[in-house]
Amino acid sequence: MTYRQTRDAVGRLAQAQLDLDLPADKPVVILSDNSVDHALLILATMHLGRVACTVSSAYCRLTKDFEKIHAILDALDAVQAVQAAQAG
């Protein structure tokens, strides 16, 4: 991925976040494994001056009741959980 392609992708993802009209005082939670899409979503969130918080997808894969992920989201007072692979 070139610098230009990275910059274009970050711009598109940042605009998509703006279009969601999320409250500015809440962190954006990224539920993902490590990947290029994950990194792009973090960069886009930081580009907007927002707080990005990464949560490993293992917290969802290893449970049936999703108790851990709910506790994490509650602790963060998060507004949006986004899976990086779907955001790109």
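**View 1. Buried residues of helix 2 in the predicted model.** Five names make up the buried set of this helix: H38, L40, L41, A44 and T45. They lie on the same side of helix 2, because the arc they cover around the axis is only 165°. On the other side of the helix, V36 and M46 are exposed.

**View 2. Extent of helix 2 and its two ends.** Helix 2 runs over residues 36-47. Its 12 residues reach 16 Å from the first C-alpha to the last, close to the 16 Å expected at 1.5 Å a residue. At the start of the helix, the backbone nitrogen of D37 has a side-chain oxygen of S35 within 3.4 Å. Just after the helix, G49 adopts a positive phi of about 80°.

**View 3. Surroundings of T45 in helix 2.** T45 has a relative accessible area of 0% and is therefore buried. Apart from neighbours within four places in sequence, T45 is in contact with Q17, V28, R50, V51 and A52. One of these residues, Q17, belongs to helix 1, which comprises residues 3-19.

**View 4. Surroundings of Q17 in helix 1.** Q17 is buried, since its relative accessible area is 7%, and buried means under 20%. When residues up to four places away in sequence are not counted, Q17 touches L22, V28, L41, A44, T45 and L48. Among these residues, L41, A44 and T45 also appear in the buried set of helix 2. V28 is in contact with T45 and is likewise touched by Q17.

Technical notes
Residues numbered from 1 in each chain as written. Predicted model: local features only at pLDDT ≥ 70, side-chain atom pairs only at ≥ 80, totals over all residues. Heavy atoms only, no water. Helix = DSSP H or I, 4+ residues; strand = E, 2+ residues; numbered from the N terminus. Buried < 20%, exposed > 50% of the residue type's maximum accessible area, 1.4 Å probe, protein only. Contact = heavy atoms within 4.5 Å. Expected span 1.5 Å × (residues − 1). Arc of directions from axis to C-beta. Polar contact = N/O pair within 3.5 Å; in protein donor to acceptor, adjacent residues only side chain to side chain.
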